[in-house]
Amino acid sequence: MRPISRRKLITTGIAATAGLAGVTAATRLAQRYGLIPPDHGGIYGPGETLTYAAQRLLTRHSLAREFPRSMISKSPFANETSPPNDAFKRHQAAGFADWRLSVDGMVARPASLSLADLRGLPVHSQITEVACEEGWSYIAEWIGTPLVEVLNEIGVLPQARYIVYVSIEHGWWESIDMADALHPQTFLTWAMNDGDLPVSFGGPLRLRVPRQLGYKSVKYITRITATDSLKGFGKGLGSASPEAGYAWYAGI
């Protein structure tokens with residue numbers, strides 16, 4: 001038997017329970033509230049739209065589960081990665097002294113922030129789970145600067161609808177809507193467990209989005225852009241994930 005993907009399961013379940021008329025009605029409701037994801041086209045579009053709209057209407061302010069320290073996973077963790085390219089290795093050799101996070105787009109005060117600048121903003125921690133669509137997971141303590149603190153610092157404009165974030169690794173980028181960007185658990189993470197964020201887990205800087213599947217928590221972040229539209233980024237689907245067959249919104 002061939003495995004059923006998450007998208008296929010969602011789409012099949014919707015069709016079986018609601019029928020075509022129900023899907024159409026729900027899509028119109030999502031349009032009314034502006035809850036149409038950028039990857040809404042194609043055969044999986046109705047499923048992606050219903051998933052995103054339902055999550056935003058019902059759980060907009062919900063928190064990802066946080067765990068006690070006793071439940072932090074033991075090493076080795078899943079999904080360790082190697083330094084991505086020569087540019088990164090040069091930063092690593094210099095102790096990331098010149099690492100910068102560029103903040104631009106629909107903001108009042110574009111900025112280039114060092115790791116020290118970020119550490120000078122309010123610091124929070126959370127013990128949350130990284131869950132992958134492929135089935136593995138682990139729990140860790142994540143320490144960093146809530147993204148909302150950076151957005152407040154640079155004055156994100158009220159018409160911004162999305163935050164695009166880009167890795168130093170070519171072609172690796174994602175985006176989230178403002179509900180997740182302003183959520184208190186969305187961190188620019190620079191420490192993990194008992195020390196600096198290891199390179200193998202995204203150090204020196206990783207965006208941690210615990211309310212979504214692990215691929216939304218992109219490693220090696222160098223840039224964030226506030227925008228009111230995702231059409232000018234990549235293929236206009238919202239991130240590299242739907243370009244590779246995954247969903248733009250990966251809420252859990």
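**Close-up views of a predicted model**

A search of the whole structure finds 13 aromatic pairs. The model is predicted. The views below take up its aromatic groups, its nonpolar cores, one buried histidine, a surface patch and some backbone features.

**View A. Tyr138 and Trp142 form a tilted aromatic pair.** The ring centres lie 6.3 Å apart. The planes meet at 40 degrees. That angle counts as tilted because it is neither under 30 degrees nor over 60. Both Tyr138 and Trp142 are buried.

**View B. Five aromatic residues form one cluster.** The members are Phe88, Phe96, Trp99, Trp172 and Tyr220. Phe96 lies in the loop between α3 (86-93) and β1. Tyr220 lies in the loop between β9 and β10. Phe96 has a relative accessibility of 15%, so it counts as buried. Tyr220 is also buried, with a relative accessible area of 1%.

**View C. Backbone of Phe96 and Tyr220.** Most residues other than glycine have a negative phi. Phe96, not a glycine, has a positive phi of about 60 degrees. Tyr220 is likewise not a glycine and has a positive phi of about 60 degrees.

**View D. The largest nonpolar core has 35 residues.** Leu147, Ile163, Leu205 and Ile224 have the most contacts inside this core. Seven elements give two or more residues to it: β1 (100-105), α4 (115-119), α5 (147-154), β5 (162-167), α6 (178-181), β7 (187-192) and β10 (221-227). Helix α5 gives the most, with four residues. In soluble globular proteins, nonpolar side chains tend to be buried together.

**View E. Surroundings of Leu147.** Neighbours within four places in sequence are left aside here. Leu147 is then in contact with Ile163, Ile176, Ala181, Thr186, Phe187, Leu188, Leu207 and Ile224. Apart from the largest core lies another, of 11 residues. Its members include Ala30, Tyr52, Tyr162 and Trp248.

**View F. Ala30, a member of the 11-residue core.** Ala30 is found in helix α1 (residues 6-32). Its relative accessibility is 1%, so Ala30 counts as buried. The cut-off for buried is under 20%. Ala30 and Tyr52 are 22 residues apart in sequence. In space, their C-alpha atoms are 8.8 Å apart. Beyond its neighbours within four places in sequence, Ala30 is in contact with Leu35, Ile36, Thr49 and Ala53.

**View G. His183 in the loop between α6 and β7.** With 4% relative accessibility, His183 counts as buried. Leaving aside neighbours within four places in sequence, His183 is in contact with Arg60, His61, Ser62, Leu63 and Arg211.

**View H. Tyr33, Leu57 and Leu58 make a nonpolar surface patch.** The patch covers about 370 Å². Leu57 sits in helix α2 (residues 45-59). Its relative accessible area is 45%, so Leu57 is partly exposed.

**View I. A cis peptide bond joins Gly203 and Pro204.** Omega is about 15 degrees at this bond. Most peptide bonds are trans. Pro204 lies in the loop between β8 (195-196) and β9 (206-208).

Note on methods:
Residues are numbered from 1 along each chain as its sequence is written. This is a predicted model: local features need pLDDT of at least 70, side-chain atom pairs count only at pLDDT 80 or more; totals for chains, interfaces and linings use all residues. Side-chain values use heavy atoms; hydrogens and water are left out. A nonpolar core is a set of buried Ala, Val, Leu, Ile, Met, Phe, Trp, Tyr and Cys residues joined through side-chain atoms within 4.5 Å. Buried means under 20% relative accessible area, exposed over 50%, partly exposed in between (1.4 Å probe, protein chains only). Contact means heavy atoms within 4.5 Å. Rings of Phe, Tyr and Trp (its six-membered ring) pair if their centres lie within 6.5 Å; planes under 30 degrees apart count as stacked, over 60 as edge-to-face and the rest as tilted. Patches are made of residues with over 30% relative accessible area and no salt bridge: like charges are joined within 9 Å, nonpolar side chains (Val, Leu, Ile, Met, Phe, Trp, Tyr) within 5 Å. Accessible areas come from the Shrake-Rupley method with a 1.4 Å probe; for residues, only the protein chains shown count as cover. A salt bridge is a side-chain nitrogen of Lys or Arg within 4 Å of a carboxyl oxygen of Asp or Glu.
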